[in-house]
Amino acid sequence: MLLRPIGGGLMVLLLSLLWGGHAAAAERRTPVVAAVEKAGPAVVNIRTEKLVRRGGTPFFGFSDPLFEQFFRELAPPRTYTTQSLGTGVIIDGQGLVLTNAHVIEKASKIFVALTTGGRELEAELVGKDHQLDLAVLRILGAGPFPSLKPGRSDDLLVGETVIAIGNPLGLGHSITTGVVSSTRRRMSTENNEFGLFIQTDALINPGNSGGPLININGDLIGINTAIIQQAQGIGFSIPIDTAKRVLDDLIEFGRVRPAFTGILPGEVGQAFSNSLGAGGVLVHGVEPGSPAEKAGLRIADVLLTIDDDAIGSTDEYRSLLRSYTPGDPLRLGVLRGAEPLALTVNLAEIPAGYAVDYGERVFGLRLADSRQGLRVQAVSAGSKAEEIGIRAGDFVTEVAGVRLSSVDEFSRLMERLYGRQPLRFLVVRGGRGYYVDL
């Protein structure tokens, strides 16, 4: 085959078209493209299967119970399998996946679809926390896997470009870009929990929940969450610094251990709030020998901030405290009289039996396990419980709207509600229930 020479003008034209194409491609490769290339392989689709049991009668839920019972004997309840989809991000090469807790809620089986290779592998739940809406999974397969290590969110800038990546259908990435509107947006979630979120205008659909929020360098700075279904054009993400604080607990213990300060929090007066222009938390009590006492906190101090985040109420204090674990330092902004102070409390584990002892000291109830449920073993003399008329032998079946059947469940609940008063108890005697506030 003979090669024919090309005229100089034609050669220049061909070379210019070739180089121009490469130049145009280089110009189009923006920092956003580079960031997605870095983070994208670590983003996975999460598919869950849930077993749902429903009555076999077509009149289930709409007829008289006796009528339903008759048909139930003829058509026993049936079990269905439903599926749901979400997103996650692999945070280490051994296959640990960080996602939202609601993505894997009540899942009987969990599957993770990788972007690279098109593989779908089964995964197991390692740990979760519903209040923080975080969960950690482990892929059951041979690694190493593409991963994106957690970065930092404490240096975010309002107005900086961020990217949300999702994989809602397992078919490929869903990518949205936006800017940071707030680095610490104060929000109440749909389960009435308080939290601090990164707010962006990067659209986050429910199927993208659990996916990563990254900065222009491709660093993992948040976990996207669809916490407000009616939000239009607004995205919220859990700051990665919050996730990092609880990550070790989720991996090692399967849950976030409650941290103990020894502070009994109370609400400040309205006059104080008006004069300060903000809320705060009154130190109503300090447990002897507790981390709070060792840090120098006193009764009547007012807590204004936790790690520079303002505290508006006791509920906000408890919610913020749940994002810390035993061993963490807690930097408190304190007002003692008119003097501002900065104190650091080194958080500890809740002492064994403390929650049960707290229930007896504060509410006047000594509770014990029994075959019938959570039984009142004794009532403290002079307590509010005695004044109301609660007696030994009664049963406590519900506290603050949460059904209880054991001392262990009561202890876990008191760890969450420590300091909240009053609490509504459902007390059962002789087959009748009575609601009382203690």
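**A walk through the chain, from strands to pocket**

Buried residues account for 45% of the 438 residues in this chain. Keep in mind as you look around that this is a predicted model. Its secondary structure consists of ten helices and 26 strands. If you take the contacts between residues at least 6 apart in sequence, 60% of them join residues at least 24 apart. On the outside, the accessible surface adds up to about 22500 Å², and carbon and sulfur atoms own 54% of that.

Let's start with a pair of strands. Strand β4, residues 109-113, is largely enclosed by the rest of the structure, because four of its five residues are buried. Its partner is β5 (residues 120-129): the two run antiparallel and are joined by four bridges. To find one of the pairings on screen, pick valine 112, whose bridge partner in β5 is leucine 121. Between the strands of this hairpin sit six residues, and in the hairpin you'll find glycine 117 with a positive phi near 85°. As a general reminder for reading any such pair, side chains in a regular strand alternate between the two faces of the sheet.

Now jump along the chain to serine 313, in the loop between β17 (309-310) and α7. Is this serine 313 buried or exposed? Its relative accessibility is 18%, and buried means under 20%, so serine 313 counts as buried. Leaving aside residues up to four places away in sequence, serine 313 touches Glu267, Gly280 and Val281.

Right after that loop comes helix α7, which spans residues 314-321 and is mostly covered, with seven of its eight residues buried. The buried ones are Thr314, Glu316, Tyr317, Arg318, Ser319, Leu320 and Leu321. So the list includes charged residues such as Glu316 and Arg318 alongside nonpolar ones such as Leu320 and Leu321.

Both β5 and α7 turn up again at the last stop, the largest pocket. This pocket has a volume of about 630 Å³. It is lined by 27 residues, and those closest to its centre are Gln131, Val256, Arg322, Arg412 and Arg416. Which elements give two or more residues to the lining? They are β5, β13 (259-260), α7, α8 (354-363) and α10 (407-417). The largest share comes from α10, with five residues. By residue type, the lining of the largest pocket splits into 14 nonpolar, nine charged and four polar.

Key: Residues are numbered from 1 along each chain as its sequence is written. This is a predicted model: local features need pLDDT of at least 70, side-chain atom pairs count only at pLDDT 80 or more; totals for chains, interfaces and linings use all residues. Side-chain values use heavy atoms; hydrogens and water are left out. Buried means under 20% relative accessible area, exposed over 50%, partly exposed in between (1.4 Å probe, protein chains only). Contact means heavy atoms within 4.5 Å. Accessible areas come from the Shrake-Rupley method with a 1.4 Å probe; for residues, only the protein chains shown count as cover. Two strands pair if DSSP finds at least two bridges between them. On a 1 Å grid over the protein atoms alone, a cavity is a set of points where a 1.4 Å probe fits but cannot get out, and a pocket is an open set with protein on both sides within 12 Å along at least five of seven lines; lining residues have an atom within 4 Å of a point. Grid points are joined across faces, edges and corners, and a volume is the space filled by probe spheres set on the points.
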